[in-house]
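Trainee: I am new to this structure and would like to go through it slowly, one question at a time. Could we begin once it is in front of us?

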Amino acid sequence: MKQYLLTVYQPDGGTPPPEVLAKVMADLDVLHEEIKAAGAWVFAGGLHPADTATVLRPRNGDVLITDGPYAEGKEHMGGFLIIKAPDLDAALAWGRKASLATTLPIEVRPFQGEAED
């Protein structure tokens with residue numbers, strides 16, 4: 001089966017109110033268990049806010065280190081899941097569930113090449 005990256009895009013700003021965040025986290029726990037039960041689980045993780053990022057860029061034979069996200073924007077990668085799926089349609093079905101659980105946009109993208117089981 002191929003592996004797919006499901007990227008969660010989170011708006012910049014503070015965290016949602018506790019009652020909203022609690023529901024999102026509970027829904028994510030349910031989704032993670034469903035993915036595991038289906039044998040599609042590889043890995044998932046949440047990230048600290050984009051302003052905690054450090055970017056390294058090659059520059060004239062050296063590497064320039066800067067604080068902050070790589071790209072300026074109103075949304076940044078807030079977390080991700082890596083899943084196994086037989087095809088894009090199956091991966092999109094998991095992406096749809098992830099979008100409903102997080103209430104956020106999800107980008108679904110296949111990894112290059114075939115993944116080993």
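**Fold, pocket and surface**

Mentor: The protein has two helices and six strands, and please keep in mind from the start that this is a predicted model.

Trainee: In what order do the elements of the protein run from the N terminus on?

Mentor: The two helices and six strands are the elements to be placed in order. Read from the N terminus on, they follow the pattern β-α-β-β-β-β-α-β.

Trainee: How far does the C-alpha trace of the protein span along its principal axes, and what share of the residues is buried?

Mentor: Along the principal axes, the C-alpha trace spans about 45 × 40 × 15 Å. A residue counts as buried when its relative accessible area is under 20%, and among the 117 residues of the protein the buried share is 28%.

Trainee: Which element gives the largest share of the lining of the largest pocket?

Mentor: The largest pocket has a volume of about 820 Å³. Of its 33 lining residues, those closest to the centre are Gln10, Leu47, Gly78, Gly79 and Leu104, while the elements that give two or more residues to the lining are β1 (2–11), α1 (18–37), β2 (41–46) and β5 (75–85). The largest share, seven residues, comes from α1.

Trainee: How many residues of that pocket's lining are nonpolar, polar and charged?

Mentor: For this count Gly belongs with the polar residues, which matters here because Gly78 and Gly79 are among the lining residues closest to the centre of the pocket. The lining of the largest pocket divides into 17 nonpolar, 13 polar and three charged residues.

Trainee: Which residue forms a salt bridge with Asp27, and is Asp27 buried, partly exposed or exposed?

Mentor: Side chains of opposite charge can pair when their charged atoms come close. In helix α1, Asp27 and Lys23 lie four residues apart, about one turn of the helix, and their closest N and O atoms are 2.7 Å apart. Lys23 is exposed because its relative accessibility of 51% is over the 50% cut-off, whereas Asp27, at 26%, falls between the cut-offs. The partner of Asp27 is therefore Lys23, and Asp27 itself is partly exposed.

Trainee: What is the N to O distance in the salt bridge between Glu33 and Lys36?

Mentor: Glu33 and Lys36 are separated by about one helical turn, because they are three residues apart in helix α1. Glu33 has a relative accessible area of 49% and Lys36 one of 40%, so both count as partly exposed. A salt bridge requires the nitrogen to be within 4 Å of the oxygen, and for this pair the distance is 3.9 Å.

Trainee: Which residue meets Glu107 in a salt bridge?

Mentor: Glu107 is partly exposed, with a relative accessible area of 27%, and its partner is partly exposed as well, at 48%. Their side chains meet at 3.0 Å, N to O, and the partner is Arg109.

Trainee: Which residues form a nonpolar patch on the surface with Leu56?

Mentor: Leu56 lies in strand β3 (residues 54–59), and because its relative accessible area of 56% is over 50%, Leu56 counts as exposed. The patch has about 300 Å² of accessible area together, and the residues that join Leu56 in it are Val63 and Ile65.

Trainee: How far apart in space are Val30 and Ala101?

Mentor: Val30 is in helix α1 and is exposed, with a relative accessible area of 56%. In sequence, Val30 and Ala101 are 71 residues apart, while in space, C-alpha to C-alpha, the distance is 8.7 Å.

Definitions and conventions. Residues numbered from 1 in each chain as written. Predicted model: local features only at pLDDT ≥ 70, side-chain atom pairs only at ≥ 80, totals over all residues. Heavy atoms only, no water. Patch = residues over 30% accessible without salt bridge, like charges linked within 9 Å, V, L, I, M, F, W, Y side chains within 5 Å. Areas by Shrake-Rupley, 256 points an atom, 1.4 Å probe, with all protein chains shown as cover. Buried < 20%, exposed > 50% of the residue type's maximum accessible area, 1.4 Å probe, protein only. 1 Å grid on protein atoms, 1.4 Å probe; cavity = no way out; pocket = protein on both sides within 12 Å on 5 of 7 lines; lining within 4 Å. Points joined across faces, edges and corners; volume = space filled by probe spheres on them.
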